[in-house]
Amino acid sequence: MSEVRTLALPLRILPDGRLARDEGATALLRLIQAMVATTAGSWPHARWFGLHERFLAINADVEDQAGLADALN
C-alpha cells in the first residue's frame with residue numbers, strides 16, 4: 001500500500017517548486033495568520049475566511065475574545 005500524503009493549509013511552495021506540508025501547530029498558526037491578513041471582501045465566495053476587520057474591531061478591554069474564537073472556529 002502506498003502512503004497517502006495530504007497538505008496542510010496554507011500550502012507552502014518550496015524554492016524548487018514542490019509543495020510542502022506543515023505539521024500541527026505550525027500549519028494552524030499559518031492558516032490563522034492568512035485569515036487575519038485577509039479582508040472579508042477579498043473572496044466574495046468565502047467571506048467567512050477573511051477575518052482582518054474582525055481582528056481590527058476587537059475590544060480587548062471588553063474581553064471580546066469569545067467573538068474571535070467563534071469566527072476562527
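Which element of the protein chain has the lowest mean pLDDT, and which has the highest? I begin there, colleagues, since the structure before us is a predicted model. Strand S1 has the lowest mean value among the elements, at 74, and helix H2, residues 52-56, has the highest, at 89. For the protein chain as a whole, the mean pLDDT is 79, and 86% of the residues reach 70 or more. As a general caution, predicted coordinates should not be read in detail where pLDDT is low.

Let me turn to the overall architecture. The protein chain contains 3 helices and 2 strands. Read from the N terminus, the order of these elements is β-β-α-α-α. The chain has 73 residues, of which 18% count as buried. Its exposed area is about 5,800 Å², with carbon and sulfur atoms supplying 58% of that area. As for contacts, if we take those between residues at least 6 apart in sequence, 2% join residues at least 24 apart.

One spatial relation may help with orientation. Ala34 sits in helix H1, which spans residues 24-37. Ala34 and His52 are separated by 18 residues in sequence, and their C-alpha atoms lie 9.3 Å apart in space. Is Ala34 buried, exposed or partly exposed? Its relative accessibility is 24%, so Ala34 counts as partly exposed; the cut-off for buried is under 20%.

I now come to the aromatic residues. How many aromatic pairs does the structure hold? The number is 2. In one of them, Trp43 and Phe49 are stacked, with 4.8 Å from centre to centre and 20 degrees between the planes. In another, Trp48 and Phe49 meet edge-to-face, at 6.0 Å centre to centre and with 75 degrees between the planes. Together, ring pairs link Trp43, Trp48 and Phe49 into a cluster.

The members of this cluster may also be described by their accessibility. Phe49 has a relative accessible area of 11% and is therefore buried. Trp43, at 40% relative accessibility, counts as partly exposed. Trp48 is exposed, because its relative accessible area is 61% and the cut-off for that class is over 50%.

Next, the charged side chains. A search of the whole structure finds 1 salt bridge. Which side chains meet in a salt bridge at 2.8 Å, N to O? They are those of Arg18 and Asp16. Arg18 is exposed, since its relative accessible area comes to 53%.

Finally, I would draw attention to the nonpolar surface. Leu11, Ile13 and Leu19 make a nonpolar surface patch of about 300 Å². Where is Leu11 placed? Leu11 belongs to the segment before strand S1, and that strand covers 12-13. With a relative accessibility of 44%, Leu11 counts as partly exposed. Patch residues must have over 30% relative accessible area, and Leu11, at 44%, therefore satisfies this condition. When this region is discussed, one should recall that S1 is the element with the lowest mean pLDDT, 74.

To close, I return to three points. The aromatic cluster consists of Trp43, Trp48 and Phe49. The salt bridge joins Arg18 and Asp16. The nonpolar patch is made by Leu11, Ile13 and Leu19. Thank you for your attention.

Note on methods
Residues numbered from 1 in each chain as written. Predicted model: local features only at pLDDT ≥ 70, side-chain atom pairs only at ≥ 80, totals over all residues. Heavy atoms only, no water. Patch = residues over 30% accessible without salt bridge, like charges linked within 9 Å, V, L, I, M, F, W, Y side chains within 5 Å. Areas by Shrake-Rupley, 256 points an atom, 1.4 Å probe, with all protein chains shown as cover. Salt bridge = Lys/Arg side-chain N within 4 Å of Asp/Glu carboxyl O. Helix = DSSP H or I, 4+ residues; strand = E, 2+ residues; numbered from the N terminus. Buried < 20%, exposed > 50% of the residue type's maximum accessible area, 1.4 Å probe, protein only. Contact = heavy atoms within 4.5 Å. Phe/Tyr/Trp six-rings, centres within 6.5 Å; stacked < 30°, edge-to-face > 60°. pLDDT = per-residue confidence, 0-100.
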